[in-house]
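Biologist: Please take a close look at the salt bridges in this model. Which residues form them, and are the partners buried or exposed?

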Amino acid sequence: MDTALQPAVVEADLGFSRPAEVIKDDGSRGLRRAVTRPVDQDFSSQFEYRRCQIRDLCGAGHPQPGLRSMGFETIDLRDREGLQSLLCDVKVAGEISDAQSRQLRRHLQGGVFRLSRGRCLKMLHVAPEGLVMRRGGPNGLKVDPHRSMTEMNHHDVALAIHGDQDVRGTPLRQIMRGFAPSMFNHRTPDGSNRWSPLTLVNLWIPLQQITRPLALMDRRTLNARKHQLRYALPTDTFLDRREDMRLNDIWAFLHDDEQRWYFHSHMNHQQAYVFDTLGEPHGSFTLPGENVAEHYYQLLLQLREQLAKGAALPIAMAKPPPLAETTAPLRKAIDSMASLVAHAPNDKSEQSTIDVWQARAGEAMDSVVRKSLEMRVVAMVLPDLWPFNRRS
Ligand SMILES: [Fe+2]
């Protein structure tokens with residue numbers, strides 16, 4: 001891993017609720033709520049981008065993440081051969097099929113994964129709802145703008161910082177008949193349960209995330225009473241739910257300078273994040289330099305189309321924007337795309353040369369598309385000792 005030449009911290013924009021969009025939350029002990037606007041309303045009317053420092057967990061000197069302390073950590077998936085092979089297939093396909101989602105559940109359910117601080121995570125049940133594959137192009141580029149979102153596929157990356165589920169809200173309230181707060185370990189601004197070993201986690205698997213990585217907050221730096229807001233998320237565009245469950249009760253967040261953010265610049269499907277579904281703040285961001293990746297992505301797209309039609313080259317080549325200091329994997333991907341642009345064949349080239357270049361250009365473009373899988377898992381946090389850590 002080449003981390004010597006990359007910044008330990010990047011500065012990037014994260015999307016937070018606008019303070020002007022906050023109202024009092026009826027009936028909930030002094031807490032506040034972010035207003036729900038129609039889903040087709042412009043992002044900037046509800047949310048604001050704020051410049052944040054986001055620390056790279058690949059670098060030295062950062063605290064070791066912990067699920068119970070910071071709200072998230074990573075688990076190792078490397079030795080699960082069947083799972084790795086399945087994840088490779090999903091990455092190449094760019095979507096997950098029903099059969100693959102069943103296989104994924106089978107690989108995970110009953111699995112035990114080592115956590116930090118002498119603990120392990122035993123996965124009891126992968127929730128039937130909430131298994132989602134996301135794809136996002138460099139610098140916000142939509143890679144397939146004409147595909148409509150389904151329950152599992154063609155979801156864009158999450159632009160706003162959010163927490164996935166309010167333990168007292170829909171749909172958990174209906175599914176667990178109000179018992180979720182007493183059963184699940186959680187921290188909310190109006191109450192907590194720190195004793196239960198039962199936990200609801202997001203399992204977030206980065207199939208590739210050279211661009212648009214996930215940022216996660218060290219939850220110890222969150223002032224929940226001031227900055228954590230209830231938010232009702234409409235689900236009509238991707239879930240078919242009964243009338244009283246169409247608004248998902250999740251969390252939105254206000255920005256504060258005290259909040260500390262982390263990401264991982266060298267992470268693929270050999271590792272996954274586990275984080276607290278019941279409030280861990282997270283969302284994607286655009287790395288410095290993604291505008292350059294988008295520039296070469298667009299050039300390669302045009303070159304590929306012209307070569308496929310047998311049309312004459314060259315196309316008009318705009319100068320790339322200057323490359324800001326960024327992560328080593330993104331720099332490498334940009335270098336590779338720039339080299340392919342510089343050495344593109346033309347309509348007089350041998351067909352075999354064109355075919356090889358087309359394949360390499362397709363792979364280079366695909367490498368800068370963020371692809372991730374996420375699901376919700378009912379799990380137990382247990383001592384990492386036999387028989388607790390026995391795989392079932
Ligand atoms: Fe989420």
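Modeller: What follows goes through three salt bridges and a network, and then turns to one pair of packed helices. The model is a predicted one, and the salt-bridge count for it comes to 21.

Start with Arg-230 and Asp-25, which form a salt bridge whose closest N and O atoms are 3.8 Å apart. Since a salt bridge here requires a side-chain nitrogen within 4 Å of a carboxyl oxygen, the cut-off admits a pair at 3.8 Å. Arg-230 sits in strand S14 (residues 228-234), while Asp-25 belongs to the loop between strand S2 (22-24) and strand S3 (32-34), so this salt bridge ties together parts that are 205 residues apart in sequence. Buried means under 20% relative accessible area. Arg-230, with a relative accessible area of 7%, is therefore buried, and Asp-25, at 10%, counts as buried too.

The pair of Asp-76 and Arg-78 is the next case: the closest N and O atoms of this salt bridge are 2.6 Å apart. Asp-76 has 35% relative accessibility and counts as partly exposed. Arg-78 counts as exposed because its value is 52% and the cut-off for exposed is over 50%.

In the third case, Lys-371 forms a salt bridge with Asp-366, with 2.9 Å between the closest N and O atoms. Lys-371 is buried, at 1% relative accessibility, whereas Asp-366 is partly exposed, with a relative accessible area of 28%. As for a network, salt bridges that share partners join Asp-25, Arg-33, Asp-166, Arg-168, Asp-190 and Arg-230 into one. Arg-230 and Asp-25 from the pair described at the start are thus among its members.

Now the helix pair. Two packed helices are described by the angle between their axes and the distance between the axes. For helix H8 (residues 328-342) and helix H9 (residues 351-367), the axes come within 10 Å and cross at roughly 150°. This angle makes H8 roughly antiparallel to H9, because angles over 145 degrees are classed that way. H8 passes H9 in a left-handed crossing. On the H8 side, the contact is made by Ala-333, Ser-336, Met-337 and Leu-340. H9 contributes Trp-357, Arg-360, Ala-361, Ala-364, Met-365 and Ser-367. Sorted by class, the contact of H8 with H9 has 7 nonpolar, 2 polar and 1 charged residues.

Definitions and conventions:
Residues are numbered from 1 along each chain as its sequence is written. This is a predicted model: local features need pLDDT of at least 70, side-chain atom pairs count only at pLDDT 80 or more; totals for chains, interfaces and linings use all residues. Side-chain values use heavy atoms; hydrogens and water are left out. Axes are lines fitted to C-alpha atoms, for helices over the stretch in contact, and angles run from 0 to 180 degrees between N-to-C directions. Helices (H or I, at least four residues) and strands (E, at least two) are DSSP runs, numbered from the N terminus. Angles under 35 degrees count as roughly parallel, over 145 as roughly antiparallel, 65 to 115 as roughly perpendicular and the rest as oblique. A crossing is left-handed if the near helix is turned anticlockwise from the far one by less than a right angle, and right-handed if clockwise. Contact means heavy atoms within 4.5 Å. Ala, Val, Leu, Ile, Met, Phe, Trp, Tyr, Cys and Pro count as nonpolar, Asp, Glu, Lys and Arg as charged, and the others, Gly among them, as polar. Buried means under 20% relative accessible area, exposed over 50%, partly exposed in between (1.4 Å probe, protein chains only).
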